[in-house]
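Biologist: Could you show me the model and walk me through the words people use for it? I'd like to hear the reasoning behind each label.

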Amino acid sequence: MSPQAWVLFYLHRFIRLSPPYFLMIAFYTWVFPLLTFESGNMATFLSPNNQLNFFCRQHWWTHLLYINNLVHPNEQCFGPGWYLASDMQMYIFTPILLIPLAFNKFLGVGIAALVFIASIAANIATVYKHHYPLTSEFLGPRDPKTTDME
């Protein structure tokens, strides 16, 4: 529970996760385009209109801060990047659950239950607002005015 332990808690995670992630972002931003699109030796179906390279060159800094899923959620340049950003953000907020649990078991479980219920409510609100289907048969938001027969 010491401040030094919490600094090491975050520093260990950052040092363990960031070097390979940052190398992949650098590869996708500056090396991959040279090997594929600019050389003309790679099939263009991998990234039509060179969109991945554009997003990487525009938003590479958001990956370094682990905020790429918040700032530009629809303009990802590296596939697993959204997961790594979400995972890091959840890791940053884990003390909200860990500290009360360390002091009082019932308080910790109560706060964890509140966070769990808030998460479920947020998911339900998102599904309702964007009209997502009940199953994963169709991907993405669905217009409630259209039917499956159109």
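**Labels and the values behind them**

Modeller: Sure, and keep in mind that this is a predicted model. Let's start with Met 88: leaving aside neighbours within four places in sequence, Met 88 is in contact with Arg 13, Phe 14, Leu 17 and Tyr 66.

Biologist: What makes Arg 13 buried or exposed?

Modeller: The relative accessible area of Arg 13 is 10%. Buried means under 20%, so Arg 13 counts as buried. Arg 13 sits in helix H1 and, not counting residues up to four places away in sequence, touches Asp 87, Met 88 and Tyr 91.

Biologist: And how do you know whether Tyr 66 is buried or exposed?

Modeller: Same kind of check. Tyr 66 has a relative accessible area of 4%, and the cut-off for buried is under 20%, so Tyr 66 is buried too. You'll find Tyr 66 in the loop between H2 and helix H3 (68–71).

Biologist: What is there to say about the phi of Tyr 66?

Modeller: The phi is positive, about 60°, although Tyr 66 is not a glycine. Most residues other than glycine have a negative phi.

Biologist: Which residues make up the largest nonpolar core?

Modeller: There are 10: Leu 17, Tyr 21, Ile 25, Phe 55, Cys 56, Tyr 66, Cys 77, Phe 78, Leu 84 and Met 88. Helix H1 (3–35), helix H2 (51–64) and helix H4 (81–92) each supply at least two of these core residues. The largest share, three residues, comes from H1.

Biologist: Why is that set called a nonpolar core?

Modeller: Because such a core takes buried residues of listed types, Tyr, Cys and Met among them, joined through side-chain atoms within 4.5 Å. Tyr 66 is one of the 10 members, and with its 4% it falls under the 20% limit, so the burial part of the label fits.

Biologist: Where do H1 and H5 meet?

Modeller: Trp 6, Phe 9 and Tyr 10 in H1 meet Pro 95, Leu 98 and Ile 99 in H5. The residues of this contact divide into six nonpolar, no polar and no charged. The axes of H1 and helix H5 (residues 95–103) come within 14 Å and cross at roughly 145°, and the crossing is right-handed.

Biologist: What makes up the protein chain in terms of helices and strands?

Modeller: Six helices and zero strands, so the pattern along the sequence reads α-α-α-α-α-α. Buried residues make up 24% of the 150 residues in the chain.

Biologist: How much area does the protein chain expose?

Modeller: About 10900 Å², with carbon and sulfur atoms supplying 71% of it.

Key. Residues are numbered from 1 along each chain as its sequence is written. This is a predicted model: local features need pLDDT of at least 70, side-chain atom pairs count only at pLDDT 80 or more; totals for chains, interfaces and linings use all residues. Side-chain values use heavy atoms; hydrogens and water are left out. Buried means under 20% relative accessible area, exposed over 50%, partly exposed in between (1.4 Å probe, protein chains only). Helices (H or I, at least four residues) and strands (E, at least two) are DSSP runs, numbered from the N terminus. Contact means heavy atoms within 4.5 Å. Axes are lines fitted to C-alpha atoms, for helices over the stretch in contact, and angles run from 0 to 180 degrees between N-to-C directions. A crossing is left-handed if the near helix is turned anticlockwise from the far one by less than a right angle, and right-handed if clockwise. Ala, Val, Leu, Ile, Met, Phe, Trp, Tyr, Cys and Pro count as nonpolar, Asp, Glu, Lys and Arg as charged, and the others, Gly among them, as polar. Accessible areas come from the Shrake-Rupley method with a 1.4 Å probe; for residues, only the protein chains shown count as cover.
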